[in-house]
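These are my notebook entries on a single chain, written as I looked up charged pairs, ring contacts and backbone outliers in turn.

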Amino acid sequence: MIEEFIKLETFAQAAYHKCECCSRVRDIFFRANIYDSDSAKMLVGSFELCKDCGENLGRILNQDTSSEKVVTDFNLDS
């Protein structure tokens, strides 16, 4: 139920600045978007998280935090 009010997004590229959870300056991998409690549709706010904090929040919210993409089919002939 809480997953509809807090959604964790992974950035395509990490940025180096302060984590808004642990206050350490690190690479930022995640953004947690907070939605309106009445409708769960309007964005109320967000905070950016380092890898450790983002993965921890992902486990709490039961959301996938893996940023790894496995290529199973590729062609060297272009």
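**Entry 1. Lysine 51.** I began with the neighbours of lysine 51: leaving aside residues up to four places away in sequence, I find that it touches Asp27, Phe29 and Phe30. I note at once that the model is a predicted one. Lysine 51 belongs to helix H1. I looked up its relative accessibility and read 39%, so I class lysine 51 as partly exposed. Its charged end sits over the ring of phenylalanine 29, 5.7 Å from the ring centre. I also checked the backbone: the C-alpha atoms of lysine 51 and phenylalanine 30 are 7.0 Å apart, while 21 residues separate the two along the chain.

**Entry 2. Other ring contacts.** I then looked for a further charge over a ring and recorded lysine 7, which lies over the face of tyrosine 35 at 4.9 Å from the ring centre. How many aromatic pairs are there? The count comes to 0.

**Entry 3. Salt bridges.** I searched the whole structure for salt bridges and obtained 2. In one of them, the side chains of arginine 26 and aspartate 52 meet with an N to O distance of 2.9 Å. This pair links distant parts of the chain, as arginine 26 is in strand S2 (residues 25-35) and aspartate 52 in helix H1 (residues 51-61), 26 residues apart. I looked up the accessibility of both partners. Arginine 26 has 27% and is partly exposed; aspartate 52, at 41%, is also partly exposed.

The other salt bridge that I recorded joins arginine 31 to glutamate 48, with the closest N and O atoms 2.6 Å apart. Arginine 31 is in strand S2 and glutamate 48 in strand S3 (residues 43-50), so this salt bridge ties together parts 17 residues apart in sequence. Arginine 31 is partly exposed at 25% relative accessibility, whereas glutamate 48 is buried at 16%.

**Entry 4. Glutamate 48.** I stayed with this residue to list its surroundings. Is glutamate 48 buried or exposed? It counts as buried, because its 16% relative accessibility is under the 20% limit. I find its side chain in a polar contact of 3.2 Å with the side chain of histidine 17, and in another, of 2.6 Å, with that of arginine 31. Not counting residues up to four places away in sequence, glutamate 48 touches Phe11, His17, Cys19, Glu20, Cys21, Ile28, Phe30 and Arg31.

**Entry 5. Aspartate 36.** Next I looked up a charged residue in the loop between S2 and S3, aspartate 36. Which side chain of opposite charge is nearest to aspartate 36? I find lysine 41, at 10 Å; aspartate 36 is buried yet has no salt bridge. The absence follows from the cut-off, because a salt bridge requires the nitrogen and the oxygen to be within 4 Å. I did find a polar atom of the aspartate 36 side chain 3.2 Å from the backbone nitrogen of serine 39. Beyond four places in sequence, aspartate 36 touches Phe5, Met42 and Val44.

**Entry 6. Positive phi.** I checked the backbone for positive phi values in residues other than glycine. Alanine 40 is one such residue, with phi at about 60 degrees. Alanine 40 is placed in the loop between S2 and S3, and I class it as buried, with a relative accessible area of 13%. Asparagine 62 is not a glycine either, and its phi is positive, near 60 degrees. I locate asparagine 62 in the segment after H1. Is asparagine 62 buried or exposed? At 69% relative accessibility, I enter it as exposed.

**Entry 7. Glycine 54.** My last look-up was glycine 54, in helix H1. Its relative accessibility is 0%, so I enter glycine 54 as buried. I list its contacts, again without residues up to four places away in sequence, as Leu8, Phe30, Leu49 and Thr65. From C-alpha to C-alpha, glycine 54 is 8.8 Å from isoleucine 28, and the two are 26 residues apart in sequence.

Terms used
Residues are numbered from 1 along each chain as its sequence is written. This is a predicted model: local features need pLDDT of at least 70, side-chain atom pairs count only at pLDDT 80 or more; totals for chains, interfaces and linings use all residues. Side-chain values use heavy atoms; hydrogens and water are left out. Helices (H or I, at least four residues) and strands (E, at least two) are DSSP runs, numbered from the N terminus. Buried means under 20% relative accessible area, exposed over 50%, partly exposed in between (1.4 Å probe, protein chains only). Lys and Arg count as positive and Asp and Glu as negative; His and the chain ends are not counted. A polar contact is a pair of N or O atoms within 3.5 Å; within protein, one must be able to donate a hydrogen and the other to accept it, and residues adjacent in sequence count only if both atoms are side-chain atoms. Contact means heavy atoms within 4.5 Å. Rings of Phe, Tyr and Trp (its six-membered ring) pair if their centres lie within 6.5 Å; planes under 30 degrees apart count as stacked, over 60 as edge-to-face and the rest as tilted. A charge sits over a ring if NZ of Lys or CZ of Arg is within 6 Å of the ring centre and within 35 degrees of the ring normal.
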